[in-house]
Amino acid sequence: MLAIALIIAAAIAGLLIYAATRPDSFRLERSISIKAPAEKVHALIDDFHNWPSWSPWENKDPAMKRTYSGTPKGKGTVYDWDGNKNVGLGRMEITDSAPAKIVIRLDFLKPFEAHNTAEFTLAQQGESTQVTWAMYGPSPFMSKLMGLFFNMEKMVGPDFEAGLVNLKSAAEAQ
């Protein structure tokens with residue numbers, strides 16, 4: 001019995017040590033080419049009131065409560081949400097808005113707390129705009145440990161892909 005307990009304790013210790021060796025930060029990103037001028041795409045991202053037309057999380061909870069504050073768009077605009085288990089509780093604030101880049105402070109409060117940065121880069125390429133949506137931030141120990149069991153790329157990557165497809169549809173339809 002003692003041998004089994006020691007083996008289990010060693011396995012748990014090994015898992016914790018391995019988790020501690022994981023990177024201290026993460027970054028995931030997806031890109032898409034949109035046949036629209038960068039200004040048109042920028043306007044859909046830079047104003048949180050436009051996000052319901054393309055954000056992949058907007059339809060996951062039709063009863064989600066949304067609050068807009070700060071400036072109407074661009075730097076200083078704020079979007080708070082409170083929804084079901086699929087969207088949680090959180091806040092976004094645009095901290096920088098330039099023609100080629102929009103940076104958003106992203107604070108998740110529920111179902112787990114995390115403080116990350118979302119960044120949209122827009123590169124005009126002829127009649128199209130290459131849009132890259134990235135999210136990055138710190139990986140504290142608990143995130144590293146959870147990352148051993150849950151793959152962030154597989155959990156969030158498909159939502160980024162769906163959001164970019166929706167953004168493409170919205171921009172190309174205008």
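This presentation describes the fold, the aromatic pairs and the salt bridges of one protein chain.

Good morning. The model shown above is a predicted one. I shall begin with the chain as a whole.

The chain has 174 residues, of which 37% are buried. Its secondary structure consists of four helices and seven strands. Following the sequence from its start, one meets these elements in the pattern α-β-α-β-β-β-β-β-β-α-α. Along the principal axes, the C-alpha atoms occupy a box of roughly 70 × 35 × 25 Å.

How much of the contact pattern links residues 24 or more positions apart? Among contacts with a separation of 6 or more, such residues account for 52%. As for the surface, the accessible area of the chain is about 9800 Å², and carbon and sulfur atoms contribute 62% of that area.

Let us now turn to the aromatic residues. The structure contains 14 aromatic pairs. One of them joins Trp57 and Trp133: the ring centres are 5.8 Å apart and the planes stand at 85 degrees, so this pair is edge-to-face, the class for angles over 60 degrees. Where do the two partners lie? Trp57 belongs to the loop between helix H2 (38-46) and strand E2 (65-70), whereas Trp133 belongs to strand E7 (residues 128-138). The pair therefore ties together parts of the chain that are 76 residues apart in sequence.

Are these two residues buried or partly exposed? Trp57, at 25% relative accessibility, counts as partly exposed. Trp133 has a relative accessible area of 3% and is buried.

Trp57 also pairs with Phe160, again edge-to-face, with 6.3 Å from centre to centre and 80 degrees between the planes. Phe160 sits in helix H4 (residues 152-173) and Trp57 in the loop between H2 and E2, so this contact ties together parts that are 103 residues apart in sequence. Phe160 is buried, its relative accessible area being 2%.

Trp57, Trp133 and Phe160 are members of one aromatic cluster. Other members of that cluster include Phe48, Trp51, Tyr68, Trp81 and Phe112.

I come next to the charged side chains. The chain carries 18 positive and 19 negative side chains, and the centres of these two sets lie 3 Å apart. Side chains of opposite charge can pair when their charged atoms come close. In this structure there are ten salt bridges.

Which residue of helix H4 forms a salt bridge with Lys60? The partner is Asp159, with a distance of 3.1 Å from N to O. Lys60 lies in the loop between H2 and E2, so this salt bridge ties together parts that are 99 residues apart in sequence. Asp159 is buried at 15% relative accessibility, which is under the limit of 20%. Lys60, at 32%, counts as partly exposed.

A second example is the salt bridge between Arg27 and Glu29, whose closest N and O atoms are 3.0 Å apart. Both residues count as partly exposed, Arg27 at 45% relative accessibility and Glu29 at 38%.

A third example joins Asp107 and Arg105, with 3.3 Å between the closest N and O atoms. Asp107 is buried, with a relative accessible area of 13%, while Arg105 is partly exposed at 36%. These two residues belong to a network: salt bridges with shared partners join Asp80, Arg91, Glu93, Arg105 and Asp107.

To close, I return to the loop between H2 and E2. Through Trp57, this loop pairs with Phe160 of helix H4, and through Lys60 it is joined to Asp159 of helix H4. Thank you for your attention.

How values were computed
Residues numbered from 1 in each chain as written. Heavy atoms only, no water. Phe/Tyr/Trp six-rings, centres within 6.5 Å; stacked < 30°, edge-to-face > 60°. Helix = DSSP H or I, 4+ residues; strand = E, 2+ residues; numbered from the N terminus. Buried < 20%, exposed > 50% of the residue type's maximum accessible area, 1.4 Å probe, protein only. Salt bridge = Lys/Arg side-chain N within 4 Å of Asp/Glu carboxyl O. Contact = heavy atoms within 4.5 Å. Areas by Shrake-Rupley, 256 points an atom, 1.4 Å probe, with all protein chains shown as cover. Lys, Arg positive; Asp, Glu negative; His and termini not counted. Charge placed at Lys NZ, Arg CZ, Asp CG, Glu CD.
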